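Open the model in your viewer and keep the selection panel at hand. This tour goes from stop to stop.

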Amino acid sequence: MKRLSIIVILFILPAAFLASCEQPAGGNKALQARVDSLQSKLDSAYVPGTGEIMNGIVQPHHYKLWLAGQQQNWKLAEYERHQLSGGFKRIRKYHKNTPEAAALAMIYPEMDALEKAIKQKDAAAFKNHFALLTNTCNTCHQATKYEFNVITVPSAPNFDNQRF
Ligand code: HEC
């Protein structure tokens, strides 16, 4: 009986284990083809560039945030602030290990201060922190060697087809 147990442990169990690891015929090939196809999809997946995110998300929502805040339209202002923060989130997500991702932390204190000003419907604090936010846009442009991209606090409404 003892001998039988030893035989089972030494020979039969390992053999059964190895058999269970074996792929069905062609399994490895099919799996590799699937991995290759997913990899090629991944390689051609669209990734928005930092310039695109700045131009398409950050700049317009910075502008609209200002317009809404000027009108003390706080609900819209919070919406625009949230959209603006989406631009920065995309930098963090799609541009890891870049100078801009490393510099991103500088923008959060002013984004938070604006959130607070909006929540408290504080027009003076909004104005103050919007100016500081805009300075920080430029500080980051300097830090990332795009200092020639100079952002200003808007001076005139621009979006004629939306009510603020
Ligand atoms: C984390 C750093 C960083 C912060 C913060 C930042 N930017 Fe940028 N921005 C960049 C970089 C880097 C570029 C150049 C990207 C490129 O061309 O690839 C850029 C480019 C731009 C451009 C030029 C896009 C174009 O095509 O003309 C605009 C406009 C812009 N940023 C607006 C803003 C505004 C508005 C803010 C603040 C609300 C801001 N940025 C905050 C890093 C930053």
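The stops below cover the ligand first and the salt bridges after that. Keep in mind that this is a predicted model.

**Stop 1: the ligand**

Select the ligand and show its surroundings. Its shell is made of 19 residues. Met54, Glu100, Cys137, Cys140 and His141 are the closest. Now look at the space the ligand takes up: this is the largest pocket. Three helices each give two or more residues to the shell: H3 (50-70), H5 (99-103) and H7 (123-143). Which helix gives the most to the shell? Colour H3 to see the answer: H3 supplies 7 residues.

**Stop 2: the character of the shell**

Colour the shell by residue type. You should find 10 nonpolar residues, 8 polar ones and 1 charged one.

**Stop 3: two contacts of the ligand**

Select His141. An N or O atom in the side chain of His141 lies 2.8 Å from a nitrogen atom of the ligand. Next, select Gly51. Here the backbone takes part: a polar backbone atom of Gly51 is 3.4 Å from an oxygen atom of the ligand.

**Stop 4: Arg81 and Glu78**

Leave the ligand and move to the salt bridges. The structure has 2 of them. Opposite charges on side chains can pair when the charged atoms come close. Select Arg81 and Glu78. Their side chains form a salt bridge, with 2.8 Å from N to O. Where do Arg81 and Glu78 sit? Both are in helix H4 (residues 74-94), 3 residues apart, so about one helical turn separates them.

Switch on the surface. Is Arg81 buried or exposed? Arg81 counts as buried, because its relative accessibility is 7%, under the 20% cut-off. Glu78 is partly exposed, at 26% relative accessible area.

**Stop 5: Glu115 and Arg81**

Keep Arg81 selected and add Glu115. The side chains of Glu115 and Arg81 meet in a salt bridge too, at 3.6 Å from N to O. This pair joins distant parts of the chain: Glu115 belongs to helix H6 (residues 108-119) and Arg81 to helix H4, with their positions 34 residues apart. Glu115 is partly exposed, with a relative accessibility of 25%.

**Stop 6: the network**

Show Glu78, Arg81 and Glu115 together. Salt bridges link these three residues in a network. Arg81 pairs with Glu78 and with Glu115.

Key:
Residues numbered from 1 in each chain as written. Predicted model: local features only at pLDDT ≥ 70, side-chain atom pairs only at ≥ 80, totals over all residues. Heavy atoms only, no water. Salt bridge = Lys/Arg side-chain N within 4 Å of Asp/Glu carboxyl O. Helix = DSSP H or I, 4+ residues; strand = E, 2+ residues; numbered from the N terminus. Buried < 20%, exposed > 50% of the residue type's maximum accessible area, 1.4 Å probe, protein only. Near = heavy atom within 4 Å. Polar contact = N/O pair within 3.5 Å; in protein donor to acceptor, adjacent residues only side chain to side chain. 1 Å grid on protein atoms, 1.4 Å probe; cavity = no way out; pocket = protein on both sides within 12 Å on 5 of 7 lines; lining within 4 Å. Sits in = over half its atoms within 2 Å of the grid points. Nonpolar A, V, L, I, M, F, W, Y, C, P; charged D, E, K, R; others polar.
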